[in-house]
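Student: Please take a close look at one packing contact for me. Keep it brisk, and cover the backbone around it too.

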Amino acid sequence: IKKGDFPKWDLYVQVLKPEELAKFDFDPLDATKIWPDVPEKKIGQMVLNKNVDNYFQETEQVAMAPANLVPGIEPSEDRLLQGRVFSYADTQMYRLGANGLSLPVNQPKVAVNNGNQDGALNTGHTTSGVNYEPSRLEPRPADDKARYSQLPLSGTTQQAKITREQNFKQAGDLYRSYSAKEKTDLVQSFGESLADTDTESKNIMLSYLYKADPDYGTRVAEVAKGDLSKVKSLAASLKD
């Protein structure tokens, strides 16, 4: 960056309508899955064109959180995302204090009119005591275009695993997409890591690999010195 050679990345998004989620044979909101055959749309380019002037102020104090959204972008029902919407913001508040989003590196580029005031390390200049909404003293007009969309929901609260898991197909697709060298490197690394584990755990893990792709499981089993006949038997009982 100092030399003026700015690294660049094209930014693409994949978009699904809520009614399209049911057409897949896996849960598209499972964060471990990719969306095959869903077109990618380029929305811009990310360019790193400047190093920070002060590492602590501009890097250590950054409060990244998926709850930091602009109107028009909303979190999906992805379980992992829903948990992180709360936990990341909560962590940043604990780490930086109640006014962490007022730090220059975190504050919006436009004026904020949300009624927040006071709290530890507040650097603002508030002259009003109105910190609630609605207020007759200082009414703040609401922008209906900035409200979340309404999505009808039905069902029950529960603690349950994802119903359409499809644990092995995409793992196999990924392995088959690798070059011969990439496959060899993966097999060698994975096999050496499994070699020293106990026999039962080793064969269970190898059965997952075999279920994803027989060549994958067979090659790793050879390096890890697993029981291939046992691996095949365990893999046969697995469902995708």
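Tutor: What follows is a close look at one helix pair, then at some backbone angles.

This is a predicted model: local features need pLDDT of at least 70, side-chain atom pairs count only at pLDDT 80 or more, and totals for chains, interfaces and linings use all residues. Residues are numbered from 1 along each chain as its sequence is written, and side-chain values use heavy atoms, without hydrogens or water.

Start with α5, residues 199–212, and α7, residues 228–236. (Helices are DSSP runs of H or I, at least four residues, numbered from the N terminus.) The two helices pack at an angle of about 65 degrees. Their axes lie 8 Å apart. (Axes are lines fitted to C-alpha atoms over the stretch in contact; angles run from 0 to 180 degrees between N-to-C directions.) The crossing of α5 past α7 is right-handed (near helix turned clockwise from the far one by less than a right angle).

Now the residues. From α5 come Asn 203, Ile 204, Leu 206, Ser 207, Tyr 210 and Lys 211. They meet Leu 228, Lys 230, Val 231, Lys 232, Leu 234 and Ala 235 of α7 (heavy atoms within 4.5 Å). By class, this contact has seven nonpolar, two polar and three charged residues. Here Tyr and Ala count as nonpolar, Lys as charged, Asn and Ser as polar.

Next, the loop between α6 (214–224) and α7 holds Lys 225. Lys 225 is not a glycine, yet its phi is positive, near 60 degrees. Lys 225 is exposed, at 70% relative accessible area (exposed means over 50%, 1.4 Å probe, protein chains only).

Asp 118 also has a positive phi, about 60 degrees, and is not a glycine. Asp 118 sits in the loop between α2 and α3. At 48% relative accessibility, Asp 118 counts as partly exposed (between 20% and 50%).
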